[in-house]
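Q: Could you take a close look at one part of this model for me, the metal site and what surrounds it? I'd like one connected walk-through.

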Amino acid sequence: MEIKTIETHPFEDQNPGTSGLRKKVKTFQQPNYLENFVQSIFDSLDDIVDQKLVLGGDGRYFNRQAIQTIIKIAAANGFSELIIGQGGLLSTPAASNLIRKYKAYGGLVLSASHNPGGPDEDFGIKYNVGNGGPAPEKYTQAFYRRSKEIASYKIAEIPDIDLDTVGNQKFGTLTISILDPVNDYAELMQTIFDFDLLKQSIGSGYITLKFDAMHAITGPYAKTILEDMLGAKPGSVINAVPLEDFGGGHPDPNLAHAEELAEAMFGPNAPTFGAASDGDGDRNMIMGSQIFVTPSDSLAILAANASLIPGYAKGISGVARSMPTSQAVDRVAAQLNLPCFETPTGWKFFGNLLDAGKITLCGEESFGTGSDHVREKDGLWAVLFWLNLIARKRQSVADIVTEHWQRFGRDIYARHDYEAVATDIADGIVASLREQLPALPGKAFGDYIVEYADEFAYTDPIDGSVSKNQGIRIGFENGSRIVFRLSGTGTVGATLRIYLERYEPDSNLHDQDAQSALAPLIELAEQFCEIKKRTGRNGPTVIT
Ligand code: VG1
Ligand code: CO
């Protein structure tokens, strides 16, 4: 295998965000752009020679081409085995599982997740460490530093690899193993959930379901598991064929983007259960007939009922949620006497807690839930968890949610996103919010008296690392909360996220529309951040 060293010049913008480096495809297609970033990653890692690397992506436009390039760079840098999903495909949780199962050194996951795909849309790349989880900040900062001084990269002179045939190929000392992307993952799911019970409940017609794969990576996984293994009617998985441009849609599982599913679930003769996943298969949206389950509630419900699932029958050690996620899971933890952690946004912050056995379940308001079975959030896992719960409790999704609220109270919740805001306007908003913080505590806005106003900082309880500037929080004495954050996954301008939350203990008042119940907080949020005034917009781009 001949290895060439190619001279290059640094790019200044290769700073990974919340979940890897995400840019327009056109940016990634610039000569040396992908090569530089991959070499910067390898340069920052210790002792990679003779190690295994997992490689796969969500199948979006540029996936195949990028994989061929990465194979050659990984070969030149001395990896001895590359484990690759057939067709270059791996869902993010499946990649995490393979890293763990085959004791790989790490993995590269090619995805821009919920962002749209195609020649004019987004691409992304993310490095996962040996525990299977997204690289913590000390790694991503090192990648960025290296990318600003890189002068050359190494590339092996090997032909393009056949990605479509399962089996091993050898090039000198390098083995390339092409695996079926679904097998190992499906096997793992069987160790956690009661597949016999699920088969029975689906076979008898007690559970009917619709799963929207949004033309993204979960199509093949959901078809195999839900239809072939569990016996859901053929066609239960819709938009099941992964497409390079996701059929032109946003592969983002929410009521706005998973429209077809939402319509069916709120329509007549709705199935008992509905769900969707995102571009790379790590997110989930849960629905029942005539009901949408807020991700924050979903996490709380999974935590409250975990002992009903075979994989968690012995109980869970603790829970964690990202800071903007509602406090619903905190109430469960308090009642069940479990430790509860609050981390910054992004799955990379859960890894240490999971590794240390401090938590078993964790989640984010952004449709992400997961457990210690892998080190990524896991869309289909959440779907199977809910199905197993419905089968065990013999209750509808709506009844499970209502009962949960009766027991713990309801955290009425919404997120308002303002996308593609001019960067200077967004920065101005954050600066002005920061300025207001010191004077806010004690101030009354109608019924809302500010209890605290600060910028969230996190000290990792395991390794002591500190992450600052993780979002602005304004908390009120009645338990309500407004959080402001700028997104770290977008590729156009800035996205301001406003998270709104109000606690309602009275079960006579649980059945309310979230947007109307949160109206006073929505108004207050505008008073603080003036996003409408400063951008001239009438309202958010997306409400979830
Ligand atoms: C968003 C979500 C965050 C999630 C991240 C990656 O980040 O808010 O909770 O972990 O996406 O999810 P941000 O910085 O845009 O708010 V995924 O499914 O896109 O990998
Ligand atoms: Co995702």
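A: Asp280 is buried, with a relative accessible area of just 3%. Keep in mind that this is a predicted model. Asp278 is buried too, at 0% relative accessible area. Both of these aspartates are among the protein donors of the cobalt ion, ligand 2. The full set of protein donors is Ser113 through OG, plus Asp278, Asp280 and Asp282, each through OD. They lie 2.0 to 2.1 Å from the cobalt ion. Along the chain, the donor residues follow the spacing S-x164-D-x1-D-x1-D. So the serine is separated from Asp278 by 164 residues, while a single residue sits between one aspartate donor and the next.

Now for the link to the neighbour, ligand 1. Ser113, one of the cobalt donors, also has a polar side-chain atom 2.6 Å from an oxygen atom of ligand 1. Ser487 makes a polar contact of its own, with a polar side-chain atom 2.6 Å from an oxygen atom of ligand 1. For Arg497, a polar side-chain atom lies 2.5 Å from an oxygen atom of that ligand.

Stepping back a little, there are 20 residues around ligand 1, and the ones that come nearest are Thr18, His114, Ser366, Thr489 and Arg497. By class, that shell is split into 10 polar and 10 charged residues, with no nonpolar ones. As for where ligand 1 sits, it's in the largest cavity.

While we're looking at side chains, here's a word on the cysteines. Searching the whole structure turns up zero disulfides. Cys362, for instance, is in none: the nearest cysteine sulfur belongs to Cys340 and is 11 Å away, whereas a disulfide would need the two sulfurs within 2.5 Å. Cys362 counts as buried, at 0% relative accessibility, and Cys529 is buried as well, at 1%.

Definitions and conventions:
Residues are numbered from 1 along each chain as its sequence is written. Chains are lettered from A and ligands numbered from 1 in the order in which they are written. This is a predicted model: local features need pLDDT of at least 70, side-chain atom pairs count only at pLDDT 80 or more; totals for chains, interfaces and linings use all residues. Side-chain values use heavy atoms; hydrogens and water are left out. A residue is near a molecule or strand if one of its heavy atoms lies within 4 Å of it. A polar contact is a pair of N or O atoms within 3.5 Å; within protein, one must be able to donate a hydrogen and the other to accept it, and residues adjacent in sequence count only if both atoms are side-chain atoms. On a 1 Å grid over the protein atoms alone, a cavity is a set of points where a 1.4 Å probe fits but cannot get out, and a pocket is an open set with protein on both sides within 12 Å along at least five of seven lines; lining residues have an atom within 4 Å of a point. A molecule sits in a cavity or pocket if more than half of its atoms lie within 2 Å of its grid points. Ala, Val, Leu, Ile, Met, Phe, Trp, Tyr, Cys and Pro count as nonpolar, Asp, Glu, Lys and Arg as charged, and the others, Gly among them, as polar. Donors are N, O and S atoms within 2.8 Å of the metal (3.2 Å for Na, K and Ca); water is not among the atoms, so sites may look incomplete. Buried means under 20% relative accessible area, exposed over 50%, partly exposed in between (1.4 Å probe, protein chains only).
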